[in-house]
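Please open the model in your viewer with the cartoon and the side chains available, and follow the selections below in order.

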Amino acid sequence: QVQLVESGGGLVQPGGSLRLSCTASGFIFSINVMGWFRQAPGKQRELVASITGRGKTEYDSSVTGRFTISRDNAKNTVYLQMNSLKPEDTAVYYCGRPFVVPENWGQGTQVTVSS
């Protein structure tokens, strides 16, 4: 029932920007904390940004000042604007609910930052 569909990834040069989108269904989106996670090769999935239903945001120190999470509850969509991208941002990015374990993860979207 729960579905999470990510899009917007791609290949960019260091310093470039991408905007990721995630559409959700199967739960009451507007009252759920949503987050963006990433998983690099050989590493565990990590939470990089979260946003409450009312719009309170938190960021991992590695992305603070560069990434912005936002949401549109009318569209059941959460976004991640990524600026000043670095090679270490390379990973598969997933959206999900930080307080739901296990989450029904989507396919994710690949972000590759390379020259």
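A residue is called buried under 20% relative accessible area, exposed over 50%, and partly exposed in between. With those limits in hand, and keeping in mind that this is a predicted model, select W105 to begin: its relative accessibility is 28%, so W105 counts as partly exposed. Now add F37, whose value is 9%, which means that F37 counts as buried.

Keep both side chains on screen and look at their rings. A pair of aromatic rings is described by the distance of the centres and the angle of the planes. F37 and W105 meet edge-to-face, with 5.0 Å from centre to centre and 80° between the planes. The pair links distant parts of the chain, since F37 belongs to strand 4 while W105 lies in the loop between strand 9 (91–96) and strand 10 (109–113), 68 residues away. Add Y94 to the selection, and you have one aromatic cluster made of F37, Y94 and W105.

Next, show the cartoon around strand 4. Here 6 strands make up an open sheet with mixed pairing, and their order is 2-10-9-4-5-6. At its edges are strand 2 (10–12) and strand 6 (57–59), each of which pairs on one side only. Ignoring direction, neighbouring strands of this sheet are turned against each other by 25° on average. Within the sheet, strand 4 (residues 34–39) runs antiparallel to strand 5 (residues 46–51), and 5 bridges join the two.

Which residue of strand 5 does G35 stand opposite? Select G35, which is found in strand 4, and you will see that its partner across the strands is S50. Because its relative accessibility is 0%, G35 counts as buried. Leaving aside residues up to four places away in sequence, G35 touches L47, A49, S50, I69, Y94, C95, G96 and P98. For a distance to check in the viewer, take S61, which is 26 residues from G35 in sequence and 15 Å from it in space, C-alpha to C-alpha.

Move now to strand 1 (residues 3–7), where L4 and E6 make up the covered face, and Q3, V5 and S7 the uncovered one. In a regular strand the side chains alternate between the two faces of the sheet. Strand 1 pairs with strand 3 (residues 18–25) in the antiparallel sense over 5 bridges, and L4 stands opposite A24 in strand 3.

L4 also leads into the interior. The largest nonpolar core has 26 residues, and those touching the most other members are L4, W36, V78, L80, M82 and Y93. Strands that each supply at least two residues of this core include strand 7 (67–72) and strand 8 (77–82), while strand 3 gives the most, with 4 residues. Select M82 and display its surroundings: not counting residues up to four places away in sequence, M82 touches G16, S17, L18, L20, R66, F67, Y93 and V111.

Finish with the remaining rings and the charges beside them. A search of the whole structure finds 3 aromatic pairs, one of which is the tilted pair of F27 and F29, at 6.3 Å centre to centre and 40° between the planes. Both F27 and F29 are buried. Add R71, whose charged end sits over the ring of F29, 4.4 Å from its centre. The last stop is Y79, where R19 lies over the face of the ring, at 4.1 Å from the ring centre.

Note on methods
Residues numbered from 1 in each chain as written. Predicted model: local features only at pLDDT ≥ 70, side-chain atom pairs only at ≥ 80, totals over all residues. Heavy atoms only, no water. Pairing = 2+ DSSP bridges. Axes fitted to C-alpha atoms, helices over the stretch in contact; angles between N-to-C directions. Buried < 20%, exposed > 50% of the residue type's maximum accessible area, 1.4 Å probe, protein only. Phe/Tyr/Trp six-rings, centres within 6.5 Å; stacked < 30°, edge-to-face > 60°. Lys NZ or Arg CZ within 6 Å of the ring centre and 35° of its normal. Core = buried A, V, L, I, M, F, W, Y, C linked by side-chain atoms within 4.5 Å. Contact = heavy atoms within 4.5 Å.
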